[in-house]
Amino acid sequence: MKDYANEFQGKKALVTGGSRGIGAATAQRLIDGGATVAVAARSRHEQTPAGASFIQGDITTLAGANDVTEDALKILGGLDILVNNAGAATPRLPGIEMITDEDWMDSLMINFMSAVRITNPLLNALRQSGSGAIVNVSSGGVIPFHGFLAHYGAAKAALSSYTKSLAKELGPAGIRVNIVTPGAILTPGGNEGREQLAAAFGITVEQLFKAIPLEGKPGTAADMAEMIAFLVSDRAAYITGHNHFVSGGQGELA
Ligand SMILES: NC(=O)c1ccc[n+]([C@@H]2O[C@H](COP(=O)([O-])OP(=O)(O)OC[C@H]3O[C@@H](n4cnc5c(N)ncnc54)[C@H](OP(=O)(O)O)[C@@H]3O)[C@@H](O)[C@H]2O)c1
């Protein structure tokens, strides 16, 4: 019987946005499975896993992303697992006309270009791994298509397209690349965004959750971490190029 408790023993992982929320839970889940993990973010938070190496950096610029990948390779000495998780949604109410040119560019930089800029310099290391795996974190199919988050939805759509291209290109090298799509997940960033939206609509956050098919309840960062851990593990050895929802049915059924 395979020892799943230590399935990441000997694996080296980088998680962007691993200082809190989904990224922190993912980093902790990989550490619990035996991996050596580095997390990258602009600052440490209360939730930042103590067992991870912390790389301070802003990955919205090419120079910032390059510094992070250089540090990651120095600290880890190679790479088997990459989780491009850092992202941010900034609603612009009431809709598309409120999204400035700067908002569009900011959203593309953090939600899309950061993943491109982090992934590129790490591809050689992933090729050498022999079992490289990448997960890119997208966003639920419901809220992003509202006008007030059009810049976020478009950037995440670009990330999805890029992920599929990567999966095709890297398949022959044995590197698997998947997308995970969270629904409403309880994290500092997610909670902040939903509070803004609920206030703007004159409803409560609990009322927003009523649209979730599975008992009207939000998910946890640990729910996300479990899916990401599965996708980067050998248990998912034949899964690549797909989008995996963790959303209590939202976006899939709705
Ligand atoms: N929570 C949800 O309901 C939900 C739903 C759909 C999609 N998502 C996606 O899930 C991912 C994680 O979201 P979350 O809810 O866990 O968000 P969160 O609580 O706001 O955490 C975001 C993480 O990214 C880091 N980060 C943000 N900007 C950065 C930058 N410029 N450079 C480096 N690191 C940066 C943050 O640290 P610093 O601020 O210190 O840099 C933090 O570690 C995102 O891609 C988000 O779009 C979340």
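I began with a pair of residues in the sheet, and found that Ala38 stands opposite Ser53, which lies in strand 3. I keep in mind throughout that this is a predicted model.

Next I looked up how the two strands run, and noted that strand 2 and strand 3 (residues 53–56) are parallel, with four bridges joining them.

I then turned to the other pairing of strand 2, and found that strand 1 (residues 12–16) pairs with strand 2 in the parallel sense, over five bridges. One residue pair I wrote down here is Thr16, whose bridge partner in strand 2 is Ala40. Following the chain from strand 1, I passed through helix 1 (residues 21–32) before arriving at strand 2, and I recorded this β-α-β crossover as right-handed.

How many of the six residues of strand 2 are buried? I found that five of the six are, so that strand 2 (residues 36–41) is mostly covered.

My last entry concerns Ala133, which I placed in strand 5, a strand that spans residues 133–137. Is Ala133 buried or exposed? I read a relative accessible area of 1% for Ala133, and because buried means under 20%, I entered Ala133 as buried.

I also listed what surrounds this residue: leaving aside neighbours within four places in sequence, Ala133 is in contact with Asp80, Ile81, Leu82, Leu126, Ile175, Arg176, Leu231 and Val232. Finally, I checked Ala133 against Ala24, which is 109 residues away along the chain, and noted a separation of 18 Å between their C-alpha atoms.

Note on methods
Residues numbered from 1 in each chain as written. Predicted model: local features only at pLDDT ≥ 70, side-chain atom pairs only at ≥ 80, totals over all residues. Heavy atoms only, no water. Buried < 20%, exposed > 50% of the residue type's maximum accessible area, 1.4 Å probe, protein only. Contact = heavy atoms within 4.5 Å. Pairing = 2+ DSSP bridges. Right-handed = clockwise from strand over helix to strand, strands pointing away.
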